[in-house]
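Take a look at the structure shown here. The notes below are a friendly first walk through it.

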Amino acid sequence: MIGNDPVPPALQGPMLLDVAELSKRFPLGKKGFFSGRTPSMVHAVDDVSLTLARGETLGLVGESGCGKSTLVRLLTRLTDPTTGSIRFGTRELSAIPARDFARDPDRARIQTVFQDAGESINPRFTAADAIADPLRQMKGMTGVALRQKVEEAARLCGLPLELLNRFPHQLSGGQRARVGIARAIGPRPDLLVLDEPTAALDVSVQVTILQLLVSLRESLGISYVFVSHDLNVVRLLCDRVVVMYLGRVVEVGPARAVFDNPLHPYTRGLVAAVPRFDGLRDDALRLVGDPKSPIDPDPNACRFHGRCPVGVARCGTEMPALRKFAGGREAACHFAEG
Amino acid sequence: MSDSTFAHARHVVSENPVTGFALGLFVFFVLAAIFGPSLAPYDPLASNTMRALQPPSAQHWFGTDQIGRDIFSRVLVATRLDLGIAAASVALVFAAGGFAGLVSGFFGGWVDLVIGRITDTIMAFPLFVLAMAIVAALGNTVPNIVLATAIINFPLYVRIARAETVQRREAGFVDAARIAGHRDMGVLLTQVAPNIMPIMVVQMSLTMGYAILNAAGLSFIGLGVRAPTPEWGIMVAEGASFIVSGEWWVALFPGATLMIAVFCFNLLGDGVRDIVDPRRRT
Amino acid sequence: MTNVLDVRDFSVEFRTRSGIVKALDRVAFTVAPGETLALVGESGSGKSVTAYALLGLLDDAGRITGGSAMLEGVELTTASPATLSAIRGKRAAMIFQNPRAALNPIRSVGQQIGDVLRRHAGLSARAAAAGAVEMLRAVGIPDPARRAAAYPFELSGGMCQRVMIAIAVATRPALLIADEPTTGLDVTTQAVVMDIMGRLAAETGMATILITHDLALAAERAGRIAVMHAGHIVEDAATATLLANPRHPYTRRLLAATPTAAGDLGDLRSIPGSLPDLRRADLAPCRFAARCDRRLPACDQPLVWRDIAPHHRIACGNPA
């Protein structure tokens with residue numbers, strides 16, 4: 001593994017990330033001094049549990065509003081959970097407020113590649129400035145050593161060195177994506193969260209970036225959490241996948257198994273909606289309508305009830321638990337059979 | 001400035017000759033401010049009642065005033081004072097207003113509330129009257145004129161800085177900076193501040209003209225710089241009483257110089273905005 | 001049956017500070033009534049420019065420099081602004097990528113649909129309001145009578161797109177141009193929106209041009225696909241034919257770069273090189289030649305747009 005600092009004892013176990021019953025609720029509207037009533041709460045992330053092993057790539061999929069963006073912000077410690085735990089190695093990260101995490105030694109070990117590299121790079125920074133910033137801030141590097149590290153990161157990411165002095169608006173989409181990745185891997189993180197990293201790229205550029213991500217995870221030993229709306233891409237890159245709906249986890253399992261043979265009705269509808277080249281289309285699985293509101297949801301009803309093609313009275317009175325099935329699969333549905 | 005900024009600046013100046021003209025005038029004024037006192041043909045304070053109220057001639061290009069002082073020398077020397085007061089007050093309000101806008105836009109909460117109320121209080125007054133009141137209360141000194149001008153421009157700078165900050169508060173690169181290990185203040189100063197700088201610089205050049213006018217205006221009504229110090233506003237005030245009796249040059253030359261200086265800075269401000277506004281870039 | 005739209009030799013240029021961009025070069029295609037043609041290409045291919053140019057929506061820097069575009073017998077390239085304005089919204093309509101941004105934020109959705117009915121169908125205010133509710137029902141918005149009073153910000157992205165479709169289809173146009181209509185929408189919403197468009201087209205015999213970068217979406221929803229690269233249409237064939245037997249090297253490479261529901265990352269291939277600079281005076285006749293692994297000396301000759309098989313057209317010096 002190139003240039004990694006020795007792994008601290010706290011992170012040497014096989015389980016890199018262990019999230020348990022994580023919830024994030026936002027109050028809706030301003031708390032009035034005189035209102036007296038408890039404010040309505042948006043349940044952005046509700047009772048989410050997942051694990052990530054060392055060296056694994058975990059996919060995270062779901063529609064807009066499913067809570068994956070909030071979950072990403074919780075995992076990268078940009079925001080604090082309402083309840084629940086985030087264990088990184090043996091450390092409990094939720095105990096450290098997000099405000100103070102910037103100065104924590106583990107900050108360098110969890111990094112992010114953002115969706116829109118153009119938006120996530122300061123327009124007044126050159127590519128070199130952007131890549132150097134985390135190294136300067138967290139590793140205290142300066143001068144020649146810093147420059148060398150920046151160039152090394154650029155080389156690892158296939159970014160020609162002469163582009164390092166350019167500003168983001170002077171780079172192509174693919175080049176900007178490489179700058180975003182180089183910035184993220186510079187500090188040699190153990191966990192890299194990728195939030196739709198290829199969504200804004202043309203399909204042929206996407207191929208090269210995906211190939212880069214694969215080669216980096218092998219050479220640098222990084223574990224990935226890969227968020228995407230594109231199920232085909234998730235299938236290519238991820239070992240396991242977590243499917244979210246309205247803040248809750250509805251299905252977990254090996255990526256191919258989940259997409260080839262979904263256990264949860266929502267996953268089935270999601271997979272059926274992806275356009276296919278072979279022209280097969282199952283209109284019976286078409287999910288119409290919109291998700292229910294995430295505000296003050298009924299804690300006793302399945303979130304998918306009402307939109308679900310399967311659905312009986314029990315679904316409205318008993319929240320299905322995430323049950324385990326063979327082959328490392330889980331699904332939160334009364335009718336799932338593994 | 002990077003190469004592309006220079007190239008763009010050259011292009012703007014070539015496209016718009018008025019900006020080039022304003023730039024030339026600006027250089028002229030700066031040179032006058034720096035070298036004026038050493039280049040003045042006469043001592044600006046030297047009076048010679050025998051040569052009082054002489055019209056413009058070969059020896060006195062702008063004529064002489066009521067106690068025989070050479071008006072050209074006085075106008076030239078006053079450049080340093082007027083420009084200096086304007087520059088100092090713009091620098092002060094840029095620093096104070098810019099910082100206040102940054103923190104109030106970024107952190108919100110009670111900081112935003114307090115700064116908002118301060119700016120509301122300032123804006124409740126007609127601004128020139130407020131400047132008069134501040135100088136009258138604190139005394140007619142140059143630092144107080146600088147302070148008064150800065151205070152009356154404070155709300156404008158806070159408002160601009162705050163609006164620009166709020167726009168960028170949720171930007172991707174702000175999150176990226178947090179993940180790179182910056183804490184709140186660090187994010188604000190290293191990430192957000194450089195991005196609001198261009199608009200602030202434009203505002204500074206636009207305010208310069210107004211600041212000169214403010215200083216001259218205060219001096220005109222006697223609340224600014226005191227005689228016998230040469231200053232454009234005082235000179236216009238002193239010369240005003242002589243217009244009726246036909247000695248037009250005593251007020252005209254300082255007044256015209258004042259007008260040209262303000263005009264120059266306004267044009268320059270427009271030009272700087274064209275250079276700096278990213279929407280104008282290819 | 002005559003074609004709704006017949007485009008030949010269509011060329012568009014943009015004057016910019018750094019030169020003249022030859023954005024489209026002799027583009028040619030037809031769309032029959034009831035047919036869905038997909039214009040597929042990556043960014044910079046000129047697919048959106050084609051749509052804007054046909055409807056007279058280019059900005060001041062753009063000009064049509066050649067060719068013809070006949071919409072129901074009207075020559076669009078020489079039509080006056082008044083003629084184009086009368087056609088847009090009535091005989092040809094367009095829907096755009098970001099639905100909420102394309103709607104007027106301060107008018108209710110019912111009013112916006114009603115505006116089109118009053119302007120182009122000459123309906124009275126009351127008839128237009130009733131027609132608007134009907135259109136909302138036709139695009140599958142629940143409780144349409146109540147929803148007609150809603151403003152765009154109150155609706156989800158998918159709903160806004162349906163409203164935009166309702167506005168576009170209200171006057172039963174002969175041609176609908178959909179420019180990346182589902183980019184930015186969830187895949188489930190995309191499926192529903194595309195279903196609605198398909199159903200409306202079948203009901204009214206409307207022709208559709210679907211502009212998209214998503215080859216799989218085009219494969220699923222279009223009867224014919226025209227592949228664009230750098231301002232050229234390089235291949236135009238029935239969907240099944242194009243997928244089974246792509247002849248143009250760019251089409252083949254585009255397919256090889258697209259992830260599918262099967263296969264591995266190792267099966268995907270990127271396309272070497274990048275788009276040529278369209279401002280250059282010395283542009284090669286084939287704009288893909290510099291990136292092509294099948295290039296021959298013959299590829300320096302001017303391209304001929306020809307039938308390589310019935311209803312399968314291609315512009316290539318060395319097709320596969």
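What follows goes from one chain to its contacts with another, and then to a few single residues.

## Chain B on its own

Keep in mind that this is a predicted model. Let's start with chain B, which has ten helices and zero strands. Reading along its sequence, you simply meet one helix after another, in the pattern α-α-α-α-α-α-α-α-α-α. The C-alpha trace of chain B spans about 75 × 45 × 30 Å along its principal axes.

How much of chain B is buried? Out of 282 residues, 50% count as buried. The chain exposes about 12900 Å², and carbon and sulfur atoms supply 70% of that area. If you take the contacts in chain B between residues at least 6 apart in sequence, 73% of them join residues at least 24 apart. As for charge, chain B has 17 positive and 18 negative charges, and the mean positions of the two sets are 5 Å apart.

## Where chain B meets chain A

On the chain B side, 19 residues are in contact with 24 residues of chain A. Together the two chains bury about 1900 Å², with 54% of it on carbon and sulfur atoms. Three residues deserve a look here: B:Ile179, B:Ala180 and B:Arg183 supply 31% of the area that chain B buries against chain A, more than any other three residues.

There are also two salt bridges across the interface of chain B and chain A. You can find a salt bridge between B:Asp175 and A:Arg73, where the closest N and O atoms are 2.9 Å apart.

## Where chain C meets chain A

Chain A also touches chain C: 33 residues of chain C are in contact with 30 residues of chain A. This pair buries about 2800 Å² between them, and 58% of that lies on carbon and sulfur atoms. Which three residues supply the most of the area that chain C buries against chain A? They are C:Thr188, C:Glu220 and C:Leu265, with 23% of it.

Salt bridges turn up here as well, and the count between chain C and chain A is two. A:Arg286 forms a salt bridge with C:Asp195, and their closest N and O atoms are 2.8 Å apart.

## Two residues with a positive phi

Now for some backbone details. A:Leu246 is not a glycine, yet it has a positive phi of about 50°. To find A:Leu246, go to the loop between strand E9 (240–245) and strand E10 (248–254) of chain A. Is A:Leu246 buried or exposed? Its relative accessible area is 6%, so A:Leu246 is buried, given that the cut-off for buried is under 20%.

C:Asp9 is another residue other than glycine with a positive phi, near 50°. This residue sits in strand E1 (residues 5–16) of chain C. C:Asp9 is partly exposed, with a relative accessible area of 47%.

## A stop at A:Glu318

One last place to visit is the loop between helix H11 (313–317) and strand E11 (323–325) of chain A, where you will find A:Glu318. At 37% relative accessibility, A:Glu318 counts as partly exposed.

What does A:Glu318 contact, leaving aside its neighbours within four places in sequence? The partners are A:Asn300 and A:His334. You can also compare A:Glu318 with A:Pro299: these residues are 19 apart along the chain, and their C-alpha atoms are separated by 8.6 Å.

Methods. Residues are numbered from 1 along each chain as its sequence is written. Chains are lettered from A and ligands numbered from 1 in the order in which they are written. This is a predicted model: local features need pLDDT of at least 70, side-chain atom pairs count only at pLDDT 80 or more; totals for chains, interfaces and linings use all residues. Side-chain values use heavy atoms; hydrogens and water are left out. Helices (H or I, at least four residues) and strands (E, at least two) are DSSP runs, numbered from the N terminus. Buried means under 20% relative accessible area, exposed over 50%, partly exposed in between (1.4 Å probe, protein chains only). Contact means heavy atoms within 4.5 Å. Accessible areas come from the Shrake-Rupley method with a 1.4 Å probe; for residues, only the protein chains shown count as cover. Lys and Arg count as positive and Asp and Glu as negative; His and the chain ends are not counted. The place of a charge is taken as NZ of Lys, CZ of Arg, CG of Asp or CD of Glu. Buried area is the accessible area (1.4 Å probe) that two parts lose on being put together, summed over both. A salt bridge is a side-chain nitrogen of Lys or Arg within 4 Å of a carboxyl oxygen of Asp or Glu.
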